[in-house]
Amino acid sequence: MSKEDIGQERLLKSGEYLFREKDRGDEMYLIKGGKIRITKEMGGEEKPLAVLNEGAFFGEMAIIDNKSRSASAIAEEDTELIIVNKEAFLNKVNENAFIKYVIVTLIQRLRETNEMWMYQGIHNAKARLISYIRYKAEENNKGSGINIDSRVPLNYNLISTAIAMEPSIIKDFLNELERENILTIKDTIIINSLEKIKEYEDFVVTLEEFKKIEEYEDIVRLREELGQ
Amino acid sequence: MTEKDIGYERTLNAGEVLFREGDEGDRMYLIKSGKIRIVKEMDEMEKTLAVLNEGAFFGEMSVLDNRPRSASAIAETDTELIIVDRDALLRKVNENPFIKYIIGTLTDRLRKTDDMLKYYSVSNEKIRFMRYLKDEARGKDNGTGEDIDTGLNPEGKEIADMIGLARDEIRNYLKKLEKYGIVEIGDTIIVKTLKRLKKYEEFISLQEEFEK
């Protein structure tokens, strides 16, 4: 890339967000000085995916596949960025059809594995499925009002691969969620309220936590009773 | 790529394994017909990462970074593959330093999330930590039976980022391992005996299994 291809600079204060997951974005950055933390939501919490240092680039995924940001970028300390010229970058990538295919495929796989990682960190199976549905619904709903019906494709094989769960179990959970009025199953999954599904997800996680504490307390009590 | 660069073909029967996770490999493949299932071991089970169809390529990561296969490839149906010539791919990638940098970075990131995926799927945090430490030590082992310097910082920040545990938790586990004579803690974490670390990991895995 020549001098002119390297565009403006941008300064961030420590702790400042550059962009958030699911934002639209068409800028790619190079770190001139400082550090950028890349985080992704996992079951309602922000978890770090990487910390990038001077010389690293990021933000290229949204440029190449025109999808929303797959993760958030936050300045870990005061940071200087160079905004890479989008056209110059795309020209380079497009120069050779085969190279373009390789890059596009790598990015697609990165998105998929990042997502799988996000779901694998949620060990309660039901919470994992709800988190998947909510995430997809939010992705499809970005930009419109929060309480408009959101749809998620009902493809058992796709969901099964993404969250590592048997299709039969997915089916059972979905039926359960329909009975609880969280969603409606037609040929797609229809979510009536994103707020409600978020609340339900929190509820499932909290329930699991308390169950663990209670089980533990039961064991302690039992041991005391047995005089151990 | 020209005709000449597209090398041999290879046919697989349904169910046949093309390569396994951890194998050395320097070939990249293009699916001419059929389907390939990509699977990875996670929490001691094989999980499907993707099912690839006609026109998709795979196996490029080992060609690009010279490291072992990050996942296994199995024919889902009878499958015809075209073997893409390694040198032709590398020539194309190396033609432009910027492209080389982009592809190199994407490959690194993919490796890293693959690894993170593997560890996050282990729900028991103690087992998750032991497995990570064991893998890191194995990667640095020169086979002489001497102490293995993992290069990992005992403060636990980088480990915490990689496997999603709290730093305090990591330091507690390390203290325990030090007490058992399995590790030594200096500027970095030194594994004194890989054999005992493996044993200990097996022990807590069994413990978890039976307490369930």
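What pLDDT does chain B average? The answer is 88, and 96% of the residues score at least 70. Keep in mind while browsing these views that the model is predicted.

**View 1. Chain B as a whole, with its low-scoring start.**
Let's begin with the whole chain. Chain B holds 7 helices and 11 strands, and its C-alpha trace spans about 60 × 45 × 30 Å along the principal axes. Of its 212 residues, 30% count as buried. If you look at the contacts in chain B with a separation of 6 or more, 67% of them come from residues 24 or more positions apart. The model as a whole scores ipTM 0.76 and pTM 0.77. Now find residues 1–5 of chain B, where the average gives a poor picture: chain B averages a pLDDT of 88, but over this stretch the pLDDT is below 50, and the stretch has 5 contacts in the model beyond near neighbours in sequence. Where pLDDT is low, the predicted coordinates should not be read in detail.

**View 2. Where chain A meets chain B.**
Here 28 residues of chain A are in contact with 28 residues of chain B. On the chain A side, β5 (45–52) and α3 (97–120) each supply at least two residues. Which element gives the most to that side? That would be α3(A), with 15 residues. Sort the chain A residues that touch chain B by kind and you get 15 nonpolar, 8 polar and 5 charged.

**View 3. A four-stranded open sheet in chain A.**
Follow the order β2-β7-β4-β5 and you have walked across an open sheet of 4 strands in chain A, with antiparallel pairing. The edge strands are β2 (17–19) and β5 of chain A, each of which pairs on one side only. Neighbouring strands in this sheet are turned by 35 degrees against each other on average, direction ignored.

**View 4. Strand β7 and its partners, up close.**
Zoom in on β7 of chain A. Strand β4 (residues 36–42) of chain A pairs with β7 (residues 72–75) in the antiparallel sense, over 4 bridges. Two of the residue pairs are worth picking out: I38(A) has A73(A) as its bridge partner in β7(A), while R37(A) has I74(A). Then there is β2(A), which is joined to β7(A) by 2 bridges, again running antiparallel. Which residue of β7(A) does Y17(A) stand opposite? It is I74(A).

**View 5. A three-stranded open sheet in chain A, with a helix across it.**
This open sheet has 3 strands of chain A in the order β9-β11-β10, with antiparallel pairing. Its edge strands are β9 (150–153) and β10, each pairing on one side only. The twist averages 25 degrees from one strand to the next. Between β9(A) and β11 (residues 188–191) of chain A there are 4 bridges, and P153(A) stands opposite T188(A) in β11(A). Helix α4(A) lies across β9, β10 and β11 of chain A, running at about 120 degrees to β9(A).

**View 6. Two nonpolar cores.**
The largest nonpolar core has 46 residues, and those with the most contacts inside it are Y119(A), I130(A), Y132(A), I133(A), I191(A) and F129(B). Helix α4 (residues 125–141) of chain A gives the most to this core, with 6 residues. Setting aside residues up to four places away in sequence, Y119(A) touches R128(A), S131(A), Y132(A), A162(A) and I163(A). A second, separate core of 33 residues includes L106(A), I36(B), I38(B) and I103(B). As background, nonpolar side chains tend to be buried together in soluble globular proteins.

**View 7. D172 and N181 of chain A.**
First stop: D172(A), in helix α6 (residues 167–179) of chain A. Why does D172(A) count as partly exposed? Because it has 13 other C-beta atoms within 10 Å, and a residue needs 20 or more to be buried and 12 or fewer to be exposed. D172(A) is 92 residues from E80(A) in sequence and 50 Å from it in space, C-alpha to C-alpha. Next stop: N181(A), found in the loop between α6 and β10 (183–185) of chain A. N181(A) has 11 C-beta neighbours inside 10 Å, so it counts as exposed. N181(A) and N192(A) are 11 residues apart in sequence, and their C-alpha atoms are 8.6 Å apart in space.

Technical notes
Residues numbered from 1 in each chain as written. Chains lettered and ligands numbered in written order. Predicted model: local features only at pLDDT ≥ 70, side-chain atom pairs only at ≥ 80, totals over all residues. Contact = placed C-beta atoms within 7 Å. Nonpolar A, V, L, I, M, F, W, Y, C, P; charged D, E, K, R; others polar. Pairing = 2+ DSSP bridges. Axes fitted to C-alpha atoms, helices over the stretch in contact; angles between N-to-C directions. pLDDT = per-residue confidence, 0-100. Core = buried A, V, L, I, M, F, W, Y, C linked by C-beta atoms within 7 Å.
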